[in-house]
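Please walk through this structure with its charged pairs, its helix packing and its surface in view. The paragraphs below take these topics in turn.

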Amino acid sequence: MPSYRALKVDLSAKFKDSVKKDNFPEFLKTSKAILSSWKENDFKNIIELTIREVLLDLVKNGADITLLERVFQFSIDAALQDAAAGNVPVFVIGDMFESSTISECEKYFSFVESRVEIFKKDIFFKVCKNHLLRSCNDLLKRLSRSQNTVFCGRILMFLAHIFPLSERSGLNIISEFNLENTTAYSTNDDMFNDLASEKGDVTEGEISSQNQSSFVVDKNLYQKFWSLQDYFRSPNTCYNKMQWRQFTSCTSDVLTVFGSFKSDDANSSKWKQAKLPSPNGSCVYFAKYLTSPKLLELELSDSHFRRYVLVQFLILFQYLSLPVKFKLESYVLTEEQQNWVKETSKSIYKLLEETPPNGETFAHDVQKILQREEYWNAWKNEGCPDFKPLSDRAEVEKKLKKRPIEDIHTYPNKKLCPEVTKIWNTKPNNWEACRSAKRNFVPPLESYFGITSKAEGGQVIQKKDTTDSKYTWKALRLLCMKSPYIFTANTAPAKSVSEYLETIVQKVAKEKPQTEKSVNEKGKGSGVNGEDELSSSCCTLTEANGEDEFLSSYYTLTEAAAKIFQKRGSGKNFPKERQAKFL
């Protein structure tokens, strides 16, 4: 049996040959034949070691980028075919980054960018996410945010596509600020003395009178302008009264300067735009804060620079105004401060609209972006809950699919219950049937519960099925409207619904003969003046003792009033004056 070193040399040679031929299945078949007696874990380990060693050898010898991409793709294929661990591709790309220059890493990073969907698979994401995040963060530490801005953005965009929005490693949960992001500016008086002397020596041909500014960049304006960066990096200092007063003073002066100073179009700017190469071959421009007093006048006239500063104001104002979960309770703006923020925001948006190019469009876009930030702030205040994936569009459309017209307009419809079919057969137009006045009625208690009187003064109660849920529900609704007994105080143990209904119906049945007798006696000889007897019933009601007697008298009174209105509702023997007196 050959030694381990000999096997490794043999596998490395075969793997290099497979990379050149772009034939990974052949290498996998050969390696399985050579290592057929090895255990599964040992087989995966030696495959991983072979891939990484060949990769480092190719990088060391300056191999073509195509071969390096094949090695990376072979590592993915090995993981997919269970010939290597799932985190091998991340180790391979990490080795590339660590053994290459920044310009080379920028080229190699396209290997990962083009395979975002592959890394989202469970076989890779679960085992690779921590290693992938570590590799990207290590690479970011090597880059300059000003010189490698595009590359930094590519890395951050890749991480944003790989990890979900609720990933804790990418969230500023407790709303911390980068207080180390300081902006250094000059406080030396000699710098401003030199600046004044240089301006005096400038000839007329260097700067046209048309572009001369109407103000002088002095030490006061310079320090006020750059001191605002301290508030932008630490917004909570604005809640201090002394700091707020200083902030508002600096802001007002700077915005006044922006309003009175002419800004140059990006195409005709006096700046010499930096030409930085980008991946697609075009040139892009990125501003960096240069705090020399000699450059402030040029910076204020540059449209890009003005937009950066004005948008910083809007972001700060939004933070000060919105409720943030981890703010202290004392961090609240007063009504006067809120009014100042609103007025200043209007001035800033006006300045953005006046700043070329496409000022109005840019101001509108910034406003929309900040409005969306309010939703993200609310999501963050709720603890950044996970986002649930949307249902498949086909399933949603299937649920919302309307029933065929013939199914719902066929009378009678066998798919529906008999009661609905009966309603449709009665009146085919459903809306007209619902609007019918015949549906607006409330049955009397006696007819609903089947209470009838005997000739000798007794009563008969038709037996109803109190276990029927429809009947009991309607009965309780009717008793709430018609009977006073349902709301009486009761200290007895709770009964079932059927027993409770039977008790209430018995009370209503006992009261019915007395009510009819009282109404009949008062109706005899009352004639047109029946309202006088009704008034005496009202006196009896006011003199009632106890709750039961009061409710009984009230029930008698309402029944008597109903009888009178039924007899005299036509108005022939019931003049309007008597109706008003009765009411």
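With which residue does E40 form a salt bridge, and how far apart are the closest N and O atoms? In this predicted model, the partner of E40 is K44, and the closest N and O atoms of the pair are 3.6 Å apart. Both residues belong to helix α3, where they are four residues apart, or about one turn of the helix. K44 also takes part in a second salt bridge, this time with the side chain of D82, at 2.8 Å from N to O. Because D82 lies in the loop between α4 and α5 (88–98) while K44 lies in helix α3, this pair ties together parts that are 38 residues apart in sequence. Taken together, E40, K44 and D82 are linked in a network of salt bridges. The members of this network differ in how they are covered: K44 has a relative accessible area of 18% and is therefore buried, the limit being under 20%, whereas D82, with a relative accessible area of 45%, is partly exposed.

Behind such pairs stands a simple principle, namely that side chains of opposite charge can pair when their charged atoms come close. The count of salt bridges in the model comes to twelve, and another of them joins R154 to E113, with the closest N and O atoms 2.6 Å apart. This pair links distant parts of the chain, since R154 is in helix α9 (residues 149–162) and E113 is in helix α6 (residues 102–113), 41 residues apart. Here R154 counts as buried at 15% relative accessibility, while E113 is partly exposed, with a relative accessible area of 28%.

Helix α3, which holds E40 and K44, leads on to the packing of helices. The axes of helix α3 (residues 40–60) and helix α4 (residues 65–80) come within 10 Å and cross at roughly 170°, so α3 is roughly antiparallel to α4, given that angles over 145 degrees count as such. On the side of α3, the residues that meet the partner helix are I51, L55, L58 and V59, and on the side of α4 they are L68, V71, S75 and A78. Helix α4 is also the place of Q73, which is partly exposed because its relative accessible area is 23%. The C-alpha atom of Q73 is separated by 9.9 Å from that of D22, although the two residues are 51 residues apart along the chain.

Two further residues are buried within helices. K224 lies in helix α11 (residues 219–233), and its relative accessible area of 19% places this lysine in the buried class. Leaving aside neighbours within four places in sequence, K224 is in contact with S249, C250 and D253. N377, found in helix α16, is likewise buried, with a relative accessible area of 16%. Not counting residues up to four places away in sequence, N377 touches L322, P323 and V324.

Turning to the surface, L165, W376 and F387 form a nonpolar patch, with about 300 Å² of accessible area together. Of these, F387 is found in the loop between α16 (359–381) and α17 (393–399), and this phenylalanine is partly exposed, with a relative accessible area of 48%. M481, which lies in helix α22 (residues 469–482), is exposed, because its relative accessible area is 56% and the exposed class begins over 50%. The C-alpha atoms of M481 and L445 are separated by 9.9 Å, with their positions 36 residues apart along the chain counted as the distance apart.

These local details can be set against the chain as a whole. The protein chain contains 26 helices and four strands, and of its 583 residues, 34% count as buried. Among the contacts between residues at least 6 apart in sequence, 70% join residues at least 24 apart. The accessible surface of the protein chain comes to about 37400 Å², and 53% of this surface belongs to carbon and sulfur atoms.

Notes: Residues numbered from 1 in each chain as written. Predicted model: local features only at pLDDT ≥ 70, side-chain atom pairs only at ≥ 80, totals over all residues. Heavy atoms only, no water. Patch = residues over 30% accessible without salt bridge, like charges linked within 9 Å, V, L, I, M, F, W, Y side chains within 5 Å. Areas by Shrake-Rupley, 256 points an atom, 1.4 Å probe, with all protein chains shown as cover. Salt bridge = Lys/Arg side-chain N within 4 Å of Asp/Glu carboxyl O. Helix = DSSP H or I, 4+ residues; strand = E, 2+ residues; numbered from the N terminus. Buried < 20%, exposed > 50% of the residue type's maximum accessible area, 1.4 Å probe, protein only. Axes fitted to C-alpha atoms, helices over the stretch in contact; angles between N-to-C directions. Parallel < 35°, antiparallel > 145°, perpendicular 65-115°, else oblique. Contact = heavy atoms within 4.5 Å.
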